[in-house]
Amino acid sequence: VNGLLLVHLPGGPTARFRLSSLVLGKDILGHGRATPHKPEMVLNNFGTRLGRRVGRMFASLFAQDPSFRGRRVVAFHNQRDFIFVRHHRYVFEEKEKRVAAELAPGTAPAAAKSAKKTRVEKVVGARLQ
């Protein structure tokens with residue numbers, strides 16, 4: 001595979017893109033499993049007149065009602081006449097973090113050492129898979 005041809009029939013524009021540095025999902029170690037959900041689409045730096053037209057062409061490849069439950073994102077990034085495409089699946093992780101409890105002002109240092117209390121906070125973060 002070395003190219004992508006987008007044709008909008010009956011009289012729409014036709015675009016040909018050359019592909020380079022193509023990496024398939026099965027070739028990536030630890031890649032996430034694909035789900036049947038519709039991905040969310042992100043277009044970066046498609047602000048010019050031609051960029052908006054090309055962005056609409058890419059947008060027509062995907063459904064316009066993404067399923068956010070599937071946590072899938074397809075990102076198109078335009079930089080110096082190169083378009084970078086990434087297909088991600090993100091995962092929310094919940095971690096516990098131990099935090100030293102705050103002592104009341106005016107507490108003696110000796111009492112502070114004996115009263116070392118910690119509380120547990122839950123931190124939620126997202127990572128790409």
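Visitor: Where does R56 lie?
Guide: R56 sits in helix α1, which covers residues 49-59. Helices here are DSSP runs of H or I with at least four residues, strands are runs of E with at least two, and both are numbered from the N terminus.

Visitor: What kind of model is this, and how are residues numbered?
Guide: The model is predicted, so local features need pLDDT of at least 70 and side-chain atom pairs count only at pLDDT 80 or more, while totals for chains, interfaces and linings use all residues. Residues are numbered from 1 along each chain as its sequence is written, and side-chain values use heavy atoms, with hydrogens and water left out.

Visitor: Back to R56, then. Buried or exposed?
Guide: R56 is exposed, at a relative accessible area of 55%. The cut-offs are under 20% for buried and over 50% for exposed, with partly exposed in between (1.4 Å probe, protein chains only).

Visitor: Which residues gather with R56 in a patch of positive charge?
Guide: R49, R52 and R53 join R56 in that patch on the surface. Patch members have over 30% relative accessible area and no salt bridge; like charges are joined within 9 Å, and nonpolar side chains (Val, Leu, Ile, Met, Phe, Trp, Tyr) within 5 Å. Lys and Arg count as positive and Asp and Glu as negative, with His and the chain ends not counted. A charge is placed at NZ of Lys, CZ of Arg, CG of Asp or CD of Glu.

Visitor: Which residues make a nonpolar surface patch?
Guide: V1, L4, L19, L22 and L24 do, and the patch comes to about 470 Å². Areas are from the Shrake-Rupley method with a 1.4 Å probe, and for residues only the protein chains shown count as cover. L24 from that patch is in the loop between β2 and β3, and is partly exposed at 42%.

Visitor: Zooming out, how many helices and strands are there?
Guide: Two helices and six strands. Along the sequence they run β-β-β-α-β-β-α-β. The protein has 129 residues, and 17% of them are buried.

Visitor: Which residues make up the largest nonpolar core?
Guide: Nine of them: L6, A15, F17, F46, V54, M57, F58, V74 and F76. The elements giving two or more residues to this core are β2 (14-18), α1 and β4 (72-79). With three residues, α1 supplies the largest share. A core like this is a set of buried Ala, Val, Leu, Ile, Met, Phe, Trp, Tyr and Cys residues joined through side-chain atoms within 4.5 Å. As background, nonpolar side chains in soluble globular proteins tend to be buried together.

Visitor: New topic. How many salt bridges does the structure hold?
Guide: One. K38 and D65 pair through their side chains, at 3.5 Å from N to O. K38 is in the loop between β2 and β3 and D65 in the loop between α1 and β4, so the bridge ties together parts 27 residues apart in sequence. To count, a side-chain nitrogen of Lys or Arg must be within 4 Å of a carboxyl oxygen of Asp or Glu.

Visitor: What are the relative accessible areas of K38 and D65?
Guide: K38 has 37% and D65 has 45%. Both values count as partly exposed.

Visitor: Which peptide bond is cis?
Guide: The one from L9 to P10, with omega near 10 degrees. P10 is in the loop between β1 (3-7) and β2. Most peptide bonds are trans, and most residues other than glycine have a negative phi.

Visitor: What about phi at N45 and R80?
Guide: N45 has a positive phi of about 65 degrees, and R80 has a positive phi of about 50 degrees. Neither N45 nor R80 is a glycine. N45 lies in the loop between β3 and α1 and is exposed at 51%. R80 is in the loop between β4 and β5 (82-100), exposed at 74%.

Visitor: Last one: how far apart are the C-alpha atoms of R33 and R89?
Guide: 8.3 Å, with their positions 56 residues apart along the chain. R33 is in the loop between β2 and β3 (40-44), exposed at 72%. H37 is in the loop between β2 and β3 too, and its C-alpha is 7.6 Å from that of R69, 32 residues apart in sequence.
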